[in-house]
Amino acid sequence: MTEQLVITGVSKRFGGIVANESISLSVPQGSITGMIGPNGSGKTTLFNSIVGHHPVDGGSITFEGREITRLRVPQIARLGMIRTFQQTRIFGKMTCMQNMAISDADHGYGLAALLKPISGETRDRSEALLDFCGLHSKRHLLAGDLSFGQQKLLEFAMALMIRPRMLLLDEPTAGINPTLINGLIERLIRVNQDLGITLFVIEHNMRVIMNLAENIHCLAYGKLLASGTPDDIRNDERVIDAYLGGH
Amino acid sequence: MNGRGQIILGIVIVAAALAAPLVFPAFRAQIAMLWIMVLFALTWDILGGQTGYNTFGNIIFFGTGMYAAAVFQRDGGFDYFPGLFIGMGLGAVISVVLAAVLGSMILRMRGHYFAIATLGLGIAAGEIASGWNFIGAGSGMSPPLFPGAPGVSYIFFGYLFFGLALITFLILAWVYRTRFGLALNAIRDNEDKAEAMGLKTDTYKIAAWMLAALFLGLCGGAAGNMLGFIDPRDTAFAGATFGVWMVLMAILGGKGTLWGPVLGAFVFHVTQEILWTHLLGWQRVALGLIIVGIVVFFPQGILGWARTRWPERFGHRVETP
Amino acid sequence: MLDNLQLFVDAPFLLIQVLLDGILFGAIFAIAAYGMALVWGVMNVINIVQGEFVMLGGFITFQLTLWGIHPLFGIPVAAAVLFVIGIGLYYGVIRRVVDKDMFISLLATFGLSILLQQLMNQIWGGDVRTAQSGLGTWFLFDYTVTIGQIKVVACAGALILGLILILFLKKSRLGQAIRATAQNPRAARVLGINTDKVFAATYGINAALCGAAGALVVMAYSVHPYIGLPYTVRSFMIVIVAGLGNLPGVILAGLGLGAAENFAAFILGAQFQVAFVFCLLVVILVVRNTLLRHKRKYLK
Ligand SMILES: Nc1ncnc2c1ncn2[C@@H]1O[C@H](COP(=O)(O)OP(=O)(O)OP(=O)(O)O)[C@@H](O)[C@H]1O
Ligand SMILES: [Mg+2]
């Protein structure tokens, strides 16, 4: 399997806090890769570094063989790597359908392309994806009026609308009703298998990540603690310590 | 309001607008002024309402258009009408270029820093104009006299501004239906998210400002001619009157909507025409009170209020299969 | 323009004169700026009506001189009157916009600014006003440099006001509550601090500070109903350059701005002084933004 995303020795400090310290890991093409770690261990910070939200203090990041360490958020997004936010972000004063329509990247991001009316094909795809995420009946509501869990699903549907090659999901199940979590896991697997999108998922819910991911990276105190299959991670002393002892 | 309702309303307004100067000859000047107000509110709302970038500085483009046309008419050596139209075009071009240059400098700022920068630009423009001898400095400029009979000038400019307002409205109605319009709304709702999706937010913001500058530049060029006199601080770069009215009218009608600015301009202009002359000496006190009143008690505006009151009318419904 | 530059070479003492005038002027900017920083930091409101408060303080002092009272008494009187006005405006207007989007409060205080301008114009007319303090002038370097003594008094007065404010914020209970609220309003509320009262007091204190500054302005310089906004903008620039809650920085930035402005007015001509202030504002904002962008740190 080829490595789609390769992170080598990435560090990030905020003033005195070392949020990431020389982290090296990679995400294979077509895989579902998980990332776990206690609160404040630097998971979201690593995502922010990958997508160019802030400059890193050291190390390098490549995506599909291309150096992206110094690129900025929109440029990296246009390469096909899309992230969702831990604190869900949608466009609250626009309807769900409009949220979907603006996510459609099929015609590019140039002004001329944007000035075309919204096509029937965009609309069809929006409806299909909203249906896939269980939001079809809500499609004409303002996104800001949706419940928190529904907004999370909408953000996921918007990410799919872009047709990314890799999705970075920051805690996709946080705030979702436990009875709906199984459905979400199923959807994530379908997205990965049917659409061939690589998933890199931060998750606190151990049941979810163990069922979902093929390999998992565990962070603690900003360092990469362990990497391996779910079974490796489950039985790793250091991981158990980080979660159960230590604190 | 559905599509057909809007079209019927549109036809009624167009018919009324065409008839108005002939039916109410005594109010020709006010009617012409009304269309300028509509233009002000519509163009302000492109960035202020739809994109969430509140500006105090759009008046720069109005003033620039005004001076550019007047200078061209003075030095160009053309007859009145060719001079006027070429001058208006020149003013529009300069305004658009100015919007691109200034926009690429200050539209990268977020939120209120942008608002304050535009406030600074608007006042600086007025101050520079009143010190610059080439354009008459503090004593202003007088564009050439309208060649027709005195009353005809208001008919001509009334229809000119109406045509301009109508074109602006139609273009915006179209723009807001495209993904460009959605991109502006996305920037307003969450710019970080818009960037994270790959949108070229800076480009869109600058383009939106250039669009506003285009119509304001054209409007300013003609307005200078209609008013007959250009004062740097009181007509061209009149930040404390026109500049604030733009913001107020858009907010009053409901910012971020297509019809809101039009409605706001009507309500504001009519109220103002009725009250203003009675308030001599106290007009700015009244304006200050109006600003505070609207901002404190009615920030969502007429259409914003209607939208929360009757969401289904605006299409926000749950579909029951 | 170049002629004016040449003058500096021909008469080097002119340089000192312009610099000195600027610095003395700048101390007053610093005091208004410190008030603005206080309101901004504590309430998250950018107070556009700041400059009108200064002008109002000046007019009140001018009114006292009409009644035959020495303008130095204007400092406490203007401060007291503006404190009351500030509290009134807080409960009437500011309180309702304090937790809203910043543009709302920006616009609301802008409305107040327009209102106060014409109100002052109605009461005191549209003339430039000054209040005679009766102090003389010092001559230095063989009469090439002149200093109005009142300007020195005003500068010293501004610095003393700043000192009083700092002591107040450090030592008094109210001052400590204000500082706690500035750091974290929610935590302050949990600790039992009535943030509404703190906001009212903060806004009142800022207005009082501006009033006192206005008394200094009308003695050493002049006031006019419609020239408040440049004071607001100067305050804003100083706060941006120095940062919130950094008094030495505010004073330095104030003195620097005063000097820069005076040089610009001398070189470009006095008719461009206001234009210079507002252009400088834009330049400072652009530079600040470029630096932040470079670090990719967006302030919301
Ligand atoms: N912009 C920032 N400025 C300063 N410190 C920050 C910033 N972002 C994160 N941090 C700090 O970096 C550390 C790692 O934070 P991060 O958000 O990456 O943790 P996390 O693993 O995502 O935690 P959680 O599971 O709670 O989401 C924390 O101590 C946090 O306080
Ligand atoms: Mg996190």
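So, chain C against chain B: the two bury about 3,800 Å² between them, and carbon and sulfur atoms give 77% of that. Keep in mind that this is a predicted model, so everything I quote is computed from predicted coordinates. In residue terms, 42 from chain C are in contact with 44 from chain B. If you want names to click on, try Phe103(C), Leu107(C) and Ile114(C): they supply 15% of the area chain C buries against chain B, more than any other three residues.

What about charge pairing at this contact? The number of salt bridges between chain C and chain B is zero. Polar contacts do turn up, with five residue pairs counted, both partners at pLDDT 80 or more. On the chain C side, the elements giving two or more residues are helix H4 (74-97), helix H5 (102-124), helix H10 (228-242) and helix H12 (273-294). Which of them gives the most? That's H5(C), with 15 residues. Split that side of chain C by class and you get 31 nonpolar, six polar and five charged residues.

Okay, over to chain A and chain B. People often put the size of an interface as the accessible area lost when the parts come together. For this pair the figure is about 3,100 Å², with 65% of it on carbon and sulfur atoms. Chain A brings 37 residues to the contact and chain B brings 31.

How many salt bridges cross between chain A and chain B? The rule finds two. One to look at is Lys193(B) with Glu155(A), whose side chains meet at 3.2 Å, N to O. Hang on to Glu155(A), please; that residue comes back in a minute. For polar contacts across chain A and chain B, the count is 11 residue pairs, again with both at pLDDT 80 or more. Several elements of chain A supply at least two residues each to the side touching chain B: helix H2 (73-78), strand S6 (81-83), helix H3 (96-103), helix H4 (111-114) and helix H6 (148-161). By class, that side of chain A divides into 21 nonpolar, seven polar and nine charged residues.

Staying with charges for a second. Opposite charges on side chains can pair when the charged atoms come close. Over all chains, the structure holds 19 salt bridges. A nice one inside chain A is Asp104(A) with Arg125(A), where the closest N and O atoms are 3.2 Å apart. Why pick that one? Asp104(A) sits in the loop between H3 and H4 of chain A, while Arg125(A) is in helix H5 (residues 120-132) of chain A, so the pair ties together parts 21 residues apart in sequence.

Now the empty space. Searching the whole structure gives four cavities of 30 Å³ or more. The largest cavity has a volume of about 90 Å³. And here's Glu155(A) again: this residue helps line the largest cavity, along with others including Lys152(A), Phe156(A), Leu169(A) and Leu188(A). H6 and helix H7 (178-194) of chain A each supply at least two lining residues, and the largest share, four residues, comes from H6(A). The class split for that lining is seven nonpolar, one polar and two charged.

Last stop, the second largest pocket, with a volume of about 1,300 Å³. Its lining runs to 49 residues, and the ones nearest the centre are Arg233(B), Asp234(B), Ala238(B), Ala240(B) and Arg284(B). Which element gives the most to this lining? Helix H11 (residues 239-253) of chain B does, with seven residues. By class, the lining of this pocket has 27 nonpolar, 17 polar and five charged residues.

If you open one thing after this, make it Glu155(A): that residue pairs with Lys193(B) in a salt bridge, and it also appears in the lining of the largest cavity.

Definitions and conventions: Residues numbered from 1 in each chain as written. Chains lettered and ligands numbered in written order. Predicted model: local features only at pLDDT ≥ 70, side-chain atom pairs only at ≥ 80, totals over all residues. Heavy atoms only, no water. 1 Å grid on protein atoms, 1.4 Å probe; cavity = no way out; pocket = protein on both sides within 12 Å on 5 of 7 lines; lining within 4 Å. Points joined across faces, edges and corners; volume = space filled by probe spheres on them. Nonpolar A, V, L, I, M, F, W, Y, C, P; charged D, E, K, R; others polar. Contact = heavy atoms within 4.5 Å. Buried area = accessible area lost by both parts, 1.4 Å probe. Salt bridge = Lys/Arg side-chain N within 4 Å of Asp/Glu carboxyl O. Polar contact = N/O pair within 3.5 Å; in protein donor to acceptor, adjacent residues only side chain to side chain.
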